[in-house]
Amino acid sequence: MMRATTGQTERETFLRSVEAHVVPVTPLMQNCTLFLCRETKQAVIVDPGGDVSLIIEALERTGAEPVAIWLTHGHFDHAGGAPALKRQLDVPILGPHANDAWLTTSITEQERTFGVFVNGEDFEPDRWLKDGEVLSFGRVRFTVRHCPGHTPGHVLFINEADRIGQFGDVLFAGSIGRTDFPRGDHELLLENIARIILPLPDDFLFIPGHGPASTVGEERRSNPFLQGLSTG
Ligand SMILES: [Zn+2]
Ligand SMILES: [Zn+2]
């Protein structure tokens, strides 16, 4: 996990037919991402863990028309700001998978446990997500993949056409998600990375929950946790 700095700014912008604007939020510098359809300007916000005012600023700066909030998993630094953002934008909260209900309903307890406070709120989303379903906004489509291990209800958002995705706390540049939290499962995490992520193309760009973006090819080559893992 990374330390907070003040004056957080938008770190990276990726241009494909979907734009991705990464806004690090919370003292844990969690990568909230604004995915924007370049043609229609419709947008979704993935993992608004906190610092809702920074997210609103990014929406205004890009001229995005938000249509939904998507969540990868129920940890407070990813999900804590979702209810406040929903109230401001009047859009539904989708995800994560229902197996993270115990986490979205214990955001404030998680803040106390970790001693990190994001002004989060306990909630249930408008809808839980299922493996394999396709979510769309504007002309952009993402597939939901259920990828437990870091948490039981963790999902990935995968855009095959643009070869870009949001992977939450499953895979990082040079590392993988922690599994020493309650209901973490290291073997299951590795199995799911091998089954769901490693078959993606080398130039598939992913935004992790913390730290810089990377590609599946780069991680396949150099990530020490993935060496010797076979796909499929
Ligand atoms: Zn997490
Ligand atoms: Zn995280």
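Is Arg139 buried or exposed? Keep that in mind as you open this predicted model; the tour comes back to Arg139 after two other stops.

**Stop 1: the zinc site**

Select the zinc ion called ligand 2 and show the side chains around it. Asp77 (OD), His78 (NE2), Asp169 (OD) and His210 (NE2) coordinate this ion, at 2.1 to 2.7 Å. Along the chain, the donors follow the spacing D-H-x90-D-x40-H. Try the angle tool next: the 4 donor atoms subtend angles of 84 to 149° around the zinc ion (ligand 2), so the arrangement is irregular. Now add the other zinc ion, ligand 1. The two ions lie 3.6 Å apart, and Asp169 coordinates both. Before you leave, switch on the surface and look at two of the donors of ligand 2: Asp77 and His78 are both buried.

**Stop 2: the nonpolar cores**

Hide the metals and select Leu34, Ile45, Ile55, Ile69, Leu71, Leu85 and Phe123. These residues have the most contacts inside the largest nonpolar core, which has 27 residues. Colour the secondary structure next: strand 2 (18–25), strand 3 (30–37), strand 4 (42–46), helix 1 (52–62), helix 2 (76–79) and helix 3 (82–89) each supply at least two residues of this core. Helix 1 gives the largest share, with 5 residues.

Centre the view on Leu34. Beyond its neighbours within four places in sequence, Leu34 is in contact with residues including Ala20, Ile45, Ala58 and Leu59. Then move to Val46, Phe157, Ile164 and Leu205, which are included in a second, separate core of 22 residues.

**Stop 3: the salt bridges**

There are 10 salt bridges in the structure, and three of them make good stops.

Start with Glu39 and Arg139, whose closest N and O atoms are 2.7 Å apart. Glu39 sits in the loop between strand 3 and strand 4, Arg139 in the loop between strand 7 (134–137) and strand 8 (140–146), and the pair is 100 residues apart. Here is the reply to the opening question: Arg139 counts as exposed, at 59% relative accessibility. Its partner Glu39 is exposed too, at 58%.

Next, select Arg178 and Asp180, whose side chains meet at 2.8 Å, N to O. Arg178 is partly exposed, at 39%, whereas Asp180 is exposed, at 56%.

Finish with Asp202 and Arg220, where the closest N and O atoms are 2.3 Å apart. Asp202 lies in the loop between helix 6 (186–197) and strand 13 (205–208), and Arg220 in helix 7 (residues 216–222). Asp202 counts as partly exposed, at 45%, and Arg220 as partly exposed, at 30%.

Note on methods
Residues numbered from 1 in each chain as written. Chains lettered and ligands numbered in written order. Predicted model: local features only at pLDDT ≥ 70, side-chain atom pairs only at ≥ 80, totals over all residues. Heavy atoms only, no water. Core = buried A, V, L, I, M, F, W, Y, C linked by side-chain atoms within 4.5 Å. Buried < 20%, exposed > 50% of the residue type's maximum accessible area, 1.4 Å probe, protein only. Helix = DSSP H or I, 4+ residues; strand = E, 2+ residues; numbered from the N terminus. Contact = heavy atoms within 4.5 Å. Donors = N, O, S within 2.8 Å, 3.2 Å for Na, K, Ca; no water. Tetrahedral: all angles 85-135°; square planar, octahedral: opposite > 155°, others 65-115°. Salt bridge = Lys/Arg side-chain N within 4 Å of Asp/Glu carboxyl O.
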